[in-house]
Structure formats: structure tokens, C-alpha cells
Amino acid sequence: MTLAKLMPNLLRMITPLPPLSCFRAFEATARHLSFTLAAKEMNVTQSAVSQQVRTLENRLGQPLFDRKTKRLTLTDAGRRLVPFAASAIAELIRGTEMFAAARDRETVSVSCTTSFAQLWLVSQLKGFSAAHPGIAVQITSTLWPDDYLPGKTDVEVHFGRLAQLNRQATLLMPIQFVPVCSPTLSGPIAGLDDLWELPLIETVGALYGWSRWTRQFGVSVRPTPAFVVDSMILAQTTAIAGLGVALVSPALCHGALSSGQIHVVLDLPTLVEDCFYFSVMGASADRPAVKAFCDWLEGAATPHQG
């Protein structure tokens, strides 16, 4: 039986609780053994605290404090209730503190493609968090840049040409494309003739596919891909699986290349006209947290600009 079906029965079994303010007044009075000090802590009058405790005692049907002596003392019933009230209030305090921490912490929101986020940005963010522990980064990734929600994030990362972006944009890094595959897929490849003997992985929608890549080397062969994927991260994953040769960016796929999961088949890097740019959206440029993130972003991309 699901929890939803059990809830009506559970609610009927639960005794209606006194107001939370009554428990707060009781717990504070029990700690201080003083209505006056409890009232000062809660920033209310002494009579208000006394009335809240009286309400709780009436609901429970027995006294919680002995008021006959000069010094306030707990009754047996009060001593039994103290740990439950203290524990419940402590849990509520812990629960609300996490919202206060999130509210007080600066957040920078970033839009980028899924491939850029997973292949490059996430692997770099440890450095930003170490330098700026008080700034949270919120990443919204999409398959295509056209799916970005305009004005919903502080920083947008795009791949293209500056003229196409039609906005104030800052160069992040240029991009090369090289053919890569798993070391298990093939032996030594001496040239393009050897390359065409292997299955090819094409990234649909990419500006620089196999046909354009080969034309830059004066090759008239029109390669037919064995696999077609929709993102660079999927092209990398397919290549790692040993299914074929993919055209990827060494800057983005640095992790897989340095770990030996894939290797460059032919050392024929092609520098393309399109680059990664980032733009700061609207009034976000005036926020110190956004400026700190953008300064870090440029610095993190510098090693990949050579």
C-alpha cells in the first residue's frame, strides 16, 4: 500500500498538536527555568510566555512546572516532555538554517551546451569553488544553444562566430577538430587511405563534419558515417566504446585523451573559424559574483587558447 493511501488513516491516528509557539515557550522556559529569561530570548512579554505554557498544560491535562516555590522547577511530566520538545525544535532550526545559508549565498547561473558543460566546464569548476567558496554556480545545459532561455541566466556560452552572436561577447577559446578513436579499434594509421578503412562517427548538426574536414586537405573522398550522434559528448562516448573514429575538439575532450581512452588517429588538427564565446546578460554584469566568475572563466580557458 502506498504512503498516499495510508495518509488518511495516519492522520486520523495522530492526536491534534498544540500550537508550535506553546512548545517553543515551554522549551525556552525549561532551559532557563524562568519565564522572564524565556520571554527575553523570544522577544515577547513574560505574560505571553506564561500564557503559552498554560495553554500547553491545559491541552496536555497536567502541569509542566511547579510554581509554588520561589524558583521555577519542572514537574515529572515536564521533565519527560523536555527532550521531545528540544529535539523537535532543534530539527526545525537545522531545517531552516539551510534555507538561510542558500539565501545568503551568491549564485551565478550559466547556460551552455551539454557537451561543453560535461566535457570542460564541470572538470574546471573545482578551481572556481576553491577560490570563491561563497559563490554557488547553477548550470543549465541544453543540446542546442537555440534552446537557451533568454534572460534567465547570468552568463551564456556559445559556439560560433562573433558576427553571428549579434551581442557583446568575449572570446573564450578557439577550437580545433582532430580524428580520434579507441586504441583498441585500430593499429597504426599512416594516412587518410587507412582512415577510410575504419567506421566513422558523424556529429549531426556540427558545422565541421567529415566532408568539410576532408575538403580542407584537398581530399575528394565523400566518407559515409557508420554512426550518427547529436553531440560531441556522445561522439566521444561512441569513440571510447571502440565503434569508430570521431571528429572532436582536443580542448573539450582533454580528459579522455590524457587518460588514454581515445587517441588522435592522424595529427591533422584543423583550426576552424568558429570559437567559444561567453556573454554576460543584462544587469548581471554589475554583480561582483558574476564578474568573479567571468574572470575565472577566462583564466581557466587560457591554457586551451594556444
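## Helix packing, strand pairing and selected residues in a predicted model

In this chain, S115, Q118 and L119 of helix α6 meet M232, I233 and Q236 of helix α10, where a contact means heavy atoms within 4.5 Å. The residues of this contact divide into three nonpolar, three polar and no charged. In that division Ala, Val, Leu, Ile, Met, Phe, Trp, Tyr, Cys and Pro count as nonpolar, Asp, Glu, Lys and Arg as charged, and the others, Gly among them, as polar.

The structure is a predicted model, in which local features need pLDDT of at least 70 and side-chain atom pairs count only at pLDDT 80 or more, while totals for chains, interfaces and linings use all residues. Residues are numbered from 1 along each chain as its sequence is written, and side-chain values use heavy atoms, with hydrogens and water left out.

### Geometry of the α6 and α10 pair

Two packed helices are described by the angle between their axes and the distance between the axes. The axes of α6 (residues 114-131) and α10 (residues 232-240) come within 7 Å and cross at roughly 60°. That crossing makes α6 oblique to α10. Angles under 35 degrees count as roughly parallel, over 145 as roughly antiparallel, 65 to 115 as roughly perpendicular and the rest as oblique. The axes are lines fitted to C-alpha atoms, for helices over the stretch in contact, and the angles run from 0 to 180 degrees between N-to-C directions.

Helix α6 also holds S129, which counts as partly exposed at 40% relative accessibility. Buried means under 20% relative accessible area, exposed over 50% and partly exposed in between, with a 1.4 Å probe and protein chains only. S129 and F293 are 164 residues apart in sequence, and their C-alpha atoms are 9.9 Å apart in space.

### The chain as a whole

The chain contains twelve helices and eleven strands. Helices (H or I, at least four residues) and strands (E, at least two) are DSSP runs, numbered from the N terminus. Of the 306 residues, 40% count as buried. The chain exposes about 17,400 Å², of which carbon and sulfur atoms supply 57%; accessible areas come from the Shrake-Rupley method with a 1.4 Å probe, and for residues only the protein chains shown count as cover. Among contacts between residues at least 6 apart in sequence, 74% join residues at least 24 apart.

### Strand pairing

Two strands pair if DSSP finds at least two bridges between them. The pairings considered here are listed below.

| Strand pair | Direction | Bridges | A bridge partner pair |
|---|---|---|---|
| β6 (residues 170-181) and β9 | antiparallel | three | V178 and V248 |
| β6 and β10 (residues 263-264) | antiparallel | two | V180 and V264 |
| β3 (residues 106-113) and β4 (residues 135-142) | parallel | eight | S109 and Q138 |

Strand β6 thus takes part in antiparallel pairings with β9 and with β10. Strand β3 is mostly covered, as six of its eight residues are buried.

After β9 (245-248), the loop leading to α11 (254-258) contains A251. This residue is buried, with a relative accessible area of 12%. A251 and F177 are 74 residues apart along the chain, and their C-alpha atoms are separated by 9.3 Å.

### E202 and F227

E202 is found in strand β7 (residues 200-203) and counts as buried at 18% relative accessibility. Not counting residues up to four places away in sequence, E202 touches G209, W210, P225, F227, V228 and V229.

F227 belongs to strand β8 (residues 227-229) and is partly exposed, with a relative accessible area of 31%. Leaving aside neighbours within four places in sequence, F227 is in contact with L200, I201, E202 and L243. The C-alpha atoms of F227 and T238, eleven residues apart along the chain, are separated by 8.5 Å.

### Positive phi in loop residues

L33 has a phi near 50°, a positive value in a residue other than glycine. L33 is placed in the loop between α2 (20-32) and α3 (35-42) and is partly exposed, with a relative accessible area of 24%. N43, likewise not a glycine, has a positive phi of about 60°. The position of N43 is in the loop between α3 and α4 (46-60), and N43 is exposed, with a relative accessible area of 71%.
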